[in-house]
Structure formats: C-alpha cells, structure tokens
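The following paragraphs lead through a protein chain, beginning with a loop and moving on to the sheet and the chain as a whole. Please keep the sequence and the model in view while reading.

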Amino acid sequence: DVCSSDLFKGKMSYADKLKIPYVVFLGEDEIKSGVVKIKDMTTGDQQALSPAEAVQTIADAMAQRAAGTPIREKD
C-alpha cells in the first residue's frame with residue numbers, strides 16, 4: 001500500500017530529524033513471533049529481540065552514550 005509506505009517513511013524521517021536514537025517496530029509478524037525489531041538510527045543496525053532484550057539493549061546503549069566525556073572549550 002503506497003499510503004502506508006509513505007506514512008512509514010515520513011515517520012522514520014521525523015524520528016531522524018528529532019535525533020531519536022532508536023525506533024521500535026511491532027507489527028503483526030513480530031507479535032506472532034514474540035519479538036520486537038529495534039533500529040539504531042545512528043548506525044542503521046536493526047535486530048529482532050524479545051521485548052525484555054530490546055529494553056535492555058536500548059537502556060545499555062543509552063547509558064553508554066550518556067557516559068561519554070563532554071568536550072569543553074578552553075577559555
């Protein structure tokens with residue numbers, strides 16, 4: 001369906017514009033399989049995981065990003 005495809009692309013573009021670090025896909029196939037798909041918007045990597053694994057993966061990645069050293073300008 002063209003409309004669904006355009007809507008999906010628009011939402012992905014919007015998430016990218018807002019610098020959303022991860023998106024989660026949960027469609028009929030994922031529900032039947034008991035998984036969710038997560039996509040790292042920085043790297044483009046996508047993986048199918050259990051819901052608990054997806055939450056842990058995203059939480060760990062966000063903690064790692066937050067632990068970075070800030071760059072400070074010298075006076």
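**From a loop to the whole chain**

Lys19 lies in the loop that connects α1 (2-17) with β1; helices (H or I, at least four residues) and strands (E, at least two) are DSSP runs, numbered from the N terminus. The model is a predicted one, in which local features need pLDDT of at least 70 and side-chain atom pairs count only at pLDDT 80 or more, while totals for chains, interfaces and linings use all residues. Residues are numbered from 1 along each chain as its sequence is written, and side-chain values use heavy atoms, with hydrogens and water left out.

The phi angle of Lys19 is near 60 degrees, a positive value in a residue other than glycine. Lys19 counts as exposed because its relative accessibility is 68%; buried means under 20% relative accessible area, exposed over 50%, and partly exposed in between, with a 1.4 Å probe and protein chains only.

Beyond this loop, strand β1 (residues 22-25) pairs with β2 in the antiparallel sense over 4 bridges; two strands pair if DSSP finds at least two bridges between them. Within this pairing, Val24 stands opposite Ile38 of β2. Strand β2 is also joined to strand β3 (residues 46-49) by 4 bridges, and these two strands run antiparallel. Here Val36 faces Leu49 of β3 as its opposite residue.

Strand β2 (residues 36-40) presents two faces: Val36, Ile38 and Asp40 form the covered one, whereas Lys37 and Lys39 form the uncovered one. In the hairpin of β2 and β3, 5 residues lie between the strands, and Gly44 adopts a positive phi near 85 degrees.

At the level of the chain, there are 3 helices and 3 strands, and the order along the sequence is α-β-α-β-β-α. The chain is more spread out than a compact globule, because its radius of gyration is 16 Å, well over the 11 Å that the globule rule gives for 75 residues. The radius is taken over C-alpha atoms, and the rule is 2.2 Å times the number of residues to the power 0.38. The C-alpha trace spans about 55 × 30 × 15 Å along its principal axes.

Of the 75 residues, 17% count as buried. Among contacts (heavy atoms within 4.5 Å) with a separation of 6 or more, 19% come from residues 24 or more positions apart.
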